[in-house]
Each structure stands twice: as C-alpha cells, then as structure tokens.
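Student: Could you take me through one part of this model up close, and then carry on from there to the contacts and surfaces around the rest of the chain? I'd like the numbers as you go.

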Amino acid sequence: MKAATRTVNVHEAKTHCSKLLAAVAKGQRITICKAGTPVAELGPLETNIPVRRPGLLKGRIGIADDFDAPLPTDMIAVFERGRPHPYLISDASLWEVVIKVQMNKLSADPAERAAKIADSGFQELPVSVLHTLALERLPLHHRDPFDRILLAQAQVEQLRLLAGDASLKPYGPVCQVLH
C-alpha cells in the first residue's frame with residue numbers, strides 16, 4: 001500500500017523540518033510547494049538494495065597476465081595489411097574492465113589499464129548512437145554485451161575486430177579470430 005502524501009509550503013517545511021523528517025521515517029511522503037506549485041518531495045529512502053557477495057566468481061574469471069604485452073608479429077601483420085586507419089581501441093573495452101572490477105569478476109586496476117591504452121598509441125573509438133542501434137541488426141550468435149558492441153562498432157565503421165574468442169566466428173569477415 002502506498003503511503004499517504006502530505007503537502008506543505010516552503011515556510012512550513014523550513015519551520016517544521018525535524019517533524020517532517022520524523023513523518024518520512026515512518027513511511028509518509030511529503031510534497032513541498034512554492035506558491036501552490038509542487039517543487040520537491042521528501043520520501044523514505046529505497047532500502048531494497050541487493051546484497052553484494054564479493055568473491056562470488058573469484059577464480060572463474062580473469063585477464064591473462066600478458067593482456068597488455070606487445071602483440072605477436074602475426075597480429076601486427078594483420079593490423080598493418082594495407083590498413084589506412086589508425087589502430088583503434090573501443091571505449092567499451094575499458095568500460096568492460098571497470099564494470100567487471102566493480103562486480104568483483106575481475107582483478108585489475110582500471111586506471112593502470114587506461115594509462116597503458118593511452119601510452120599504446122591506439123586511437124579511442126567512442127561508442128556512438130549508430131553503434132548502439134546497429135546492435136538491433138546483429139544476429140544473436142553471441143550474447144556477451146561487450147563483445148556485441150565491439151562487433152557493432154566494427155560493422156558500422158567497416159573495421160575488422162581482432163578477437164581471441166572462437167564463438168565470434170559466425171559473424172564472418174568483420175571478426176578475425178586469432179589463435
């Protein structure tokens with residue numbers, strides 16, 4: 001059942017702030033009006049916040065120790081094959097690292113990763129509205145949202161995505177799976 005809403009003017013809210021907060025603590029909502037127009041609402045804070053379980057996936061997900069090591073010569077050759085574009089790295093790559101660190105699915109220092117990306121000479125590829133809309137046309141061969149946005153970016157920008165995940169092969173030439 002929704003709590004009853006009480007309406008007060010700004011003067012009453014300032015004068016009786018402590019009493020209004022006590023009413024809010026009991027579940028009541030307070031609408032504050034200025035010249036008869038509602039401008040703010042006081043209400044109880046949301047307390048149904050899910051409990052985090054740190055370490056739930058510890059040991060199941062990780063980044064290879066050589067994640068930021070120099071690329072092998074065969075990968076460099078793929079990049080350099082007549083490609084007029086600069087080397088690109090999607091903003092979604094660091095986005096994935098930050099989210100997985102926050103969810104305790106990955107042990108990494110996002111600021112350190114960002115610095116290494118900046119030092120690499122790679123050019124940032126921002127995620128655009130066009131990239132996001134391209135997801136709708138992307139077949140659901142693979143459901144990882146981070147990989148899917150990378151694939152969408154590669155399609156829209158007419159780039160080749162270099163990946164180590166063989167499950168991306170069904171996307172065809174837009175994705176080159178490296179061994």
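Tutor: Let's start at the hairpin: S2 and S3 make one, with 2 residues between the strands. In its turn sits Ala-35, whose phi is positive at about 55 degrees. Keep in mind that this is a predicted model. The two strands cover residues 29-34 for S2 and residues 37-42 for S3. They run antiparallel, with 5 bridges joining them. If you want one rung to click on, take Cys-33, whose bridge partner in S3 is Pro-38.

Cys-33 is also a handy link to the start of the chain. Its C-alpha atom is 7.1 Å from that of Thr-7, although 26 residues along the chain lie between one position and the other. Thr-7 belongs to strand S1, residues 5-9. Is Thr-7 buried or exposed? It's exposed, because its relative accessible area is 52% and the cut-off for that label is over 50%.

Strand S1 also holds Arg-6, if you go by its range of residues 5-9. Arg-6 makes a salt bridge with Glu-12, and the closest N and O atoms are 3.0 Å apart. Both ends of that pair are partly exposed: Arg-6 has 34% relative accessibility, and Glu-12 has 25%.

That pair is one of 4 salt bridges in the count, so let's look at two others, each inside a helix. In helix H4, residues 91-102, Glu-96 and Lys-100 sit 4 residues apart, about one turn. Their closest N and O atoms are 2.8 Å apart, which makes a salt bridge. Glu-96 counts as buried because its relative accessibility is 18%, and the limit for that label is under 20%.

Helix H5, residues 110-119, has a pair with that spacing too: Glu-112 and Lys-116 are 4 residues apart, about one helical turn. Why does this spacing suit a side-chain pair? An α-helix has 3.6 residues a turn, so residues three or four places apart point the same way. The side chains of Glu-112 and Lys-116 meet at 3.5 Å, N to O. Glu-112 is partly exposed at 41%, and Lys-116 is partly exposed at 39%.

While you're on H5, check its two ends. At the N-terminal end, Asp-109 acts as the cap, with a side-chain oxygen 3.1 Å from the backbone nitrogen of Ala-111. Just after the helix comes Gly-121, with a positive phi of about 85 degrees.

Back in H4, have a look at Ser-93. Ser-93 is partly exposed, with 23% relative accessibility. Its C-alpha atom is 9.6 Å from that of Ile-149, and the two residues are 56 apart along the chain.

One last stop is the second largest pocket, with about 180 Å³ of space. Its lining includes a run you can select in one go: Pro-50, Val-51, Arg-52, Arg-53, Pro-54, Gly-55, Leu-56 and Leu-57. Met-103, Asn-104 and Lys-105 are in the lining as well. By type, the lining residues split into 6 nonpolar, 2 polar and 3 charged.

Key. Residues are numbered from 1 along each chain as its sequence is written. This is a predicted model: local features need pLDDT of at least 70, side-chain atom pairs count only at pLDDT 80 or more; totals for chains, interfaces and linings use all residues. Side-chain values use heavy atoms; hydrogens and water are left out. Buried means under 20% relative accessible area, exposed over 50%, partly exposed in between (1.4 Å probe, protein chains only). On a 1 Å grid over the protein atoms alone, a cavity is a set of points where a 1.4 Å probe fits but cannot get out, and a pocket is an open set with protein on both sides within 12 Å along at least five of seven lines; lining residues have an atom within 4 Å of a point. Grid points are joined across faces, edges and corners, and a volume is the space filled by probe spheres set on the points. Ala, Val, Leu, Ile, Met, Phe, Trp, Tyr, Cys and Pro count as nonpolar, Asp, Glu, Lys and Arg as charged, and the others, Gly among them, as polar. A polar contact is a pair of N or O atoms within 3.5 Å; within protein, one must be able to donate a hydrogen and the other to accept it, and residues adjacent in sequence count only if both atoms are side-chain atoms. Two strands pair if DSSP finds at least two bridges between them.
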